[in-house]
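Here are my notes on this model, set out as numbered points. They are meant to be read beside the sequence and the coordinates.

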Amino acid sequence: MDHFLGEHGEMILYGIVGVMMVLLITTVCLNRWKTISPAYHTKKEKSNADYQKEHQGKMPFIEADEVIYTEYKKVNFNCKDYIHAKDWDGKDLSERLNIYGTVDVFRKGIYQLRCVVVSDSQQICTKYVNVIVE
């Protein structure tokens, strides 16, 4: 044992000090980390499930089918006719709805659109919609 501690004692001591430093920094920064990194998502993230469970009924929501079908070469297709947004109290937010992605009605296929709406209270809702051109 003395031989082992003599050869590796310094590394063990540095390891213990390192673990203690990590624990100390974690406990000091834990509350501050929660305030600078909110649980809800930004437009870049795909999911906000935890935040949505906590604030059910308070967030804006997007009314749209998961899949929208359109005809091939239908010139007057507008995806905003099929996608609407409302606030938690029923206020229409469709004018604030941002739709990312394009649909080419002159090429058959499946197109994914990302729909994002921001409410007056700066809460964000994101929904993915697939548009099938057939």
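1. Ser-119 is buried, since its relative accessible area is 0%, and this in a model that is predicted. The residue is placed in the loop that links β5 and β6. Once residues up to four places away in sequence are set aside, Ser-119 touches Pro-60, Asp-87, Leu-93 and Arg-96.

2. One of those partners, Leu-93, deserves a paragraph of its own. Leu-93 belongs to the loop between β3 and β4, and it too is buried, because its relative accessible area is 0%, where the limit is under 20%. Its contacts, without neighbours within four places in sequence, are Pro-60, Ala-85, Lys-86, Asp-87, Val-117 and Ser-119. Pro-60 and Asp-87 therefore appear in the contact list of Leu-93 and also in that of the buried Ser-119. The C-alpha atoms of Leu-93 and Val-118 are 8.2 Å apart, although 25 residues separate the two along the chain.

3. For orientation, the overall layout follows. The protein chain has two helices and six strands, and read from the N terminus the elements come in the order α-α-β-β-β-β-β-β. Of its 134 residues, 25% count as buried. Among the contacts in the protein chain with a separation of 6 or more, 51% come from residues 24 or more positions apart.

4. How are the strands of the open sheet ordered? The sheet has four strands in the order β2-β6-β5-β4, and the pairing is mixed. Strands β2 and β4, the latter spanning residues 98-100, are the edge strands, each of them pairing on one side only. Direction ignored, neighbouring strands of this sheet are turned by 30° against each other on average.

5. The two edges can be described in terms of their bridges. At one of them, β2 pairs with β6 (residues 124-133) in the parallel sense over four bridges, and Val-67 stands opposite Asn-130 of β6. At the other, β4 and β5 run antiparallel and are joined by three bridges, with Cys-115 of β5 as the bridge partner of Ile-99.

6. Which residues of β2 lie on its covered face, and which on its uncovered one? In this strand, residues 67-70, Ile-68 and Thr-70 make up the covered face, whereas Val-67 and Tyr-69 make up the uncovered one. In a regular strand the side chains alternate between the two faces of the sheet, and the assignment of Ile-68 and Thr-70 to one face and of Val-67 and Tyr-69 to the other can be read against that background.

7. Val-129 lies in strand β6 and counts as buried, because its relative accessibility is 0%. The C-alpha atoms of Val-129 and Val-67 are separated by 5.9 Å, with their positions 62 residues apart along the chain. Leaving aside neighbours within four places in sequence, Val-129 is in contact with Ala-64, Asp-65, Glu-66, Ile-68, Ile-83, Tyr-111, Gln-112, Leu-113 and Cys-115. Of these, Ile-68 is on the covered face of β2.

8. The largest nonpolar core has 16 residues, and the members that touch the most others are Ile-62, Ile-83, Leu-97 and Val-117. Two or more residues of this core are given by β5 (109-118) and by β6. Leu-97, apart from its neighbours within four places in sequence, is in contact with Ile-62, Lys-80, Ile-83, Ala-85, Cys-115, Val-116 and Val-117. In soluble globular proteins, nonpolar side chains tend to be buried together.

9. A backbone detail to check is Lys-73, whose phi is near 65°, a positive value in a residue other than glycine. Most residues other than glycine have a negative phi, and most peptide bonds are trans. Lys-73 is placed in the loop between β2 and β3 (84-86), and it counts as partly exposed because its relative accessibility is 48%, where exposed would require over 50%.

10. Two charged ends sit over tyrosine rings. That of Lys-108 sits over the ring of Tyr-72, 5.1 Å from its centre, and that of Arg-114 sits over the ring of Tyr-100, 4.9 Å from its centre. As for pairs between aromatic rings, the count comes to one.

Note on methods
Residues numbered from 1 in each chain as written. Predicted model: local features only at pLDDT ≥ 70, side-chain atom pairs only at ≥ 80, totals over all residues. Heavy atoms only, no water. Buried < 20%, exposed > 50% of the residue type's maximum accessible area, 1.4 Å probe, protein only. Pairing = 2+ DSSP bridges. Core = buried A, V, L, I, M, F, W, Y, C linked by side-chain atoms within 4.5 Å. Contact = heavy atoms within 4.5 Å. Axes fitted to C-alpha atoms, helices over the stretch in contact; angles between N-to-C directions. Phe/Tyr/Trp six-rings, centres within 6.5 Å; stacked < 30°, edge-to-face > 60°. Lys NZ or Arg CZ within 6 Å of the ring centre and 35° of its normal.
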